Amino acid sequence: IAINDIHKRKSTEIELEKEKTRLRTLIHTIPEPVWVKDKEGVYLFCNTEYEKLLGFSEHSIVGKKDIDFLGLEKSEQFRNNDLQAIEKRSSLKTEEKIQLKHGNHGLFEVIRTPMFDKKTVFIGILGIMRDITESRKT
């Protein structure tokens, strides 16, 4: 019986690892900047496009807050928008001007969606950004 339990646990661990890999691949394949923050506004995850936007690696972003990458005014605006989506318990769409790493400004549509577990307990906020700079110019 112990051998069967060990085999079953090992199988479950392998499946969980495969699922984790599929989800990371999915998020990193999305061609728009994507991030996830906790209830305190600390980054838990971001994709490759968000890394490019901020000019930092995911390793350098995770565990930090917006204030670590943006000015005080912009980070407060981002936090207020995060909190508004959390309070509404639904998606919030905004347009935000962001200073890009190379010095130019970009205009982005940002959709923030609070995430809840099966018991409706808040677990984080998902952000998806779309660069609308060029479309606004035309």
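Does Lys 52 count as buried or exposed, and at what relative accessibility?

1. In this predicted model, Lys 52 counts as exposed because its relative accessibility is 54%, which lies above the 50% cut-off for that class. The residue belongs to helix α2, spanning residues 48–54, and its side chain makes a polar contact of 3.1 Å with the side chain of Glu 49. Asp 38 lies 14 residues from Lys 52 along the chain, and the C-alpha atoms of the two are separated by 21 Å.

2. Strand β3, residues 92–99, shows an alternating arrangement of side chains: Leu 92, Thr 94, Glu 96 and Ile 98 point to one face and are buried, whereas Lys 93, Glu 95, Lys 97 and Gln 99 point to the other face and are not buried. This is the general pattern, since in a regular strand the side chains alternate between the two faces of the sheet.

3. The partner of β3 is strand β4, residues 105–116, to which β3 is joined by 8 bridges in an antiparallel arrangement. Within that pairing, Lys 93 has Ile 111 of β4 as its bridge partner.

4. Salt bridges in the model come to 13. As a general matter, side chains of opposite charge can pair when their charged atoms come close. One of these pairs is Glu 13 with Arg 9, whose closest N and O atoms are 3.8 Å apart; the two residues are separated by about one helical turn, because they stand 4 residues apart in helix α1, residues 2–29. Glu 13 counts as partly exposed at 41% relative accessibility, while Arg 9, with a relative accessible area of 54%, is exposed.

5. Helix α1 also holds the salt bridge between Arg 22 and Glu 19, which are 3 residues apart, about one turn of the helix, and whose closest N and O atoms are 2.8 Å apart. Arg 22 is partly exposed, with a relative accessible area of 46%, and Glu 19 likewise counts as partly exposed, at 34% relative accessibility.

6. A further salt bridge joins Glu 58 to Arg 24, with the closest N and O atoms 3.0 Å apart. This pair links distant parts of the chain, given that Glu 58 lies in helix α3, residues 58–61, and Arg 24 in helix α1, 34 residues apart. Glu 58 is buried, with a relative accessible area of 13%, whereas Arg 24 is partly exposed, at 33%.

7. Finally, a network of salt bridges links Lys 37, Asp 66, Asp 82, Glu 96 and Arg 112; Glu 96 is also one of the buried residues of strand β3.

Terms used
Residues numbered from 1 in each chain as written. Predicted model: local features only at pLDDT ≥ 70, side-chain atom pairs only at ≥ 80, totals over all residues. Heavy atoms only, no water. Buried < 20%, exposed > 50% of the residue type's maximum accessible area, 1.4 Å probe, protein only. Polar contact = N/O pair within 3.5 Å; in protein donor to acceptor, adjacent residues only side chain to side chain. Pairing = 2+ DSSP bridges. Salt bridge = Lys/Arg side-chain N within 4 Å of Asp/Glu carboxyl O.
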